[in-house]
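Q: Hi! Could you walk me through a few local features of this one?

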Amino acid sequence: MDDRLFRKGACALALVLTTGAVLAACSNSNGGVVSSYDGVATVLQAALPQKPAADDYEAQSKVLEDNKLDQAFLDNLSTFSYRSAPAVFAEASEANENYSPASLYYALAMTQMGAAGSTQDEIAALLGADNVDVTAQQCGNLLRLLAADQYSNVKLANSVWMSPDAEFNQGFVDVMRDQFYASLFQTDFGTPEADKAMGQWVADNTEGTLAPQFKSESQQLISLINTVYFKSEWSRAFDAESVSPETFNAETGKVTADFMVQRLDGPQEIRATDTYTRASLGFADGSQMTFVLPAQGVHARDLLADAAALEEAFTADSTGEAFVTYHVPKFSFDSSYDLVSSLKKLGVNRAFSDQADFSNLTDIPAYVSSVAQEGHIGLDENGVEASAYTKVDIMAMSALPDPAVVGELDFNLDRPFLYEIKSKQGAVLFLGMCGDPSAGK
């Protein structure tokens with residue numbers, strides 16, 4: 001067998017037999033989703049390492065020691081989040097937006113593993129990660145840390161869907177298995193079975209909050225899918241009796257929304273400027289949701305359109321502390337984005353053209369035909385549930401189309417505002433805008 005190529009049949013079996021403890025063919029000891037789909041061959045089912053026992057502090061410390069996150073990686077992910085969001089939102093015009101930078105980052109990182117030459121360089125420049133080995137290792141470290149965290153309610157999952165008629169480089173398959181913990185499937189694209197299976201995998205890994213209807217094409221070589229699922233309770237829940245209908249001043253006019261109210265006991269760090277006010281609420285698992293309320297006369301979408309202003313709003317130092325009374329509208333909505341145009345504006349061009357180089361993926365000339373993301377978020381008095389998937393489709397080149405302040409703060413989120421959810425490790429999971437909490441229910 002050619003060690004460089006992953007082939008159907010015998011090679012798939014060999015891969016199953018040599019995976020070791022990282023992957024299990026039939027079960028996931030970490031509580032992940034194990035699925036079989038009609039008409040689809042499951043080559044490998046990803047299984048993240050087991051959580052150490054709650055009282056096994058030595059094992060917990062070893063996980064932390066063995067999977068250190070470089071600050072440079074977190075900084076790059078943060079920069080990517082605030083740089084990419086304006087480009088993504090510029091292509092959208094809905095009242096509410098929910099984008100997952102982490103999901104797009106992982107999908108592009110997987111894509112980068114198969115790219116070469118200038119194609120890889122363009123993706124690396126956007127990710128801030130020019131060393132693919134370091135990128136893979138850090139992505140793997142974050143996956144392992146989240147899986148081992150006793151209190152984490154963040155679930156990242158990856159899958160790779162491959163045409164059984166194509167050959168793929170073994171090095172690409174290995175890094176998908178060892179660092180991205182991707183489940184590997186072989187399927188005939190352009191069939192109802194393939195489309196249904198990929199949609200069901202997304203639903204399985206987002207607790208049914210997303211159920212996309214895919215339409216693949218027979219010329220597809222591979223699809224790379226990432227999902228992010230987050231669910232956590234507030235560290236201090238809102239009192240259900242505090243919920244009452246109030247007025248929200250949407251850009252299209254006044255609407256009625258159910259507002260939750262609570263005043264935290266201790267002073268909170270805030271940032272108050274002439275442009276916006278920022279305050280945060282914590283979750284029980286150590287994650288955090290930050291709200292940015294633009295000043296009267298300042299449009300939330302204007303902040304979303306300026307990468308520097310967006311990053312400053314969410315990351316600049318606090319201006320003081322205050323006893324904060326939060327007035328937060330309940331909301332629930334879905335978002336969807338076609339990301340090809342956004343990525344081109346961010347400097348990723350070759351991957352979508354006849355100059356694409358995916359020779360670290362396959363010897364077949366190939367290009368990226370589609371990058372799409374869908375997301376969901378719901379917020380109520382108990383906490384937040386949010387999810388997203390990002391899907392990258394890679395086609396054979398023959399299918400390439402024609403170019404085409406200290407004191408009291410009454411923090412009332414009664415007009416369009418921005419929000420961000422960060423994991424305990426500092427990864428930006430979701431970033432968006434609530435412009436009309438009455439929409440999308």
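What follows is a short chat about strands and rings.

A: Happy to! This is a predicted model, where local features need pLDDT of at least 70, side-chain atom pairs count only at pLDDT 80 or more, and totals for chains, interfaces and linings use all residues. Residues are numbered from 1 along each chain as its sequence is written, and side-chain values use heavy atoms, with hydrogens and water left out.

Q: Cool. How many residues of strand E12 are buried?

A: In E12 (residues 276-282), 6 of the 7 residues are buried. Buried means under 20% relative accessible area with a 1.4 Å probe, protein chains only; strands are DSSP runs of at least two residues, helices (H or I) of at least four, numbered from the N terminus.

Q: And which way do E12 and E13 pair?

A: Antiparallel, over 7 bridges, with E13 covering residues 288-294. Pairing takes at least two DSSP bridges. Ala279 has Phe291 as its bridge partner in E13. The two strands form a hairpin with 5 residues between them, and Gly286 in the turn has a positive phi of about 95 degrees.

Q: Switching to rings: how many aromatic pairs are there?

A: The count is 19. Rings of Phe, Tyr and Trp (its six-membered ring) pair if their centres lie within 6.5 Å; planes under 30 degrees apart are stacked, over 60 edge-to-face, the rest tilted.

Q: What's the geometry of Phe89 and Tyr99?

A: Edge-to-face, at 6.0 Å centre to centre and 85 degrees between the planes. Both residues are buried.

Q: Which residues cluster with Phe291?

A: Phe248, Phe331, Phe333, Phe417 and Tyr419 join Phe291 in one aromatic cluster.

Notes:
Buried < 20%, exposed > 50% of the residue type's maximum accessible area, 1.4 Å probe, protein only.
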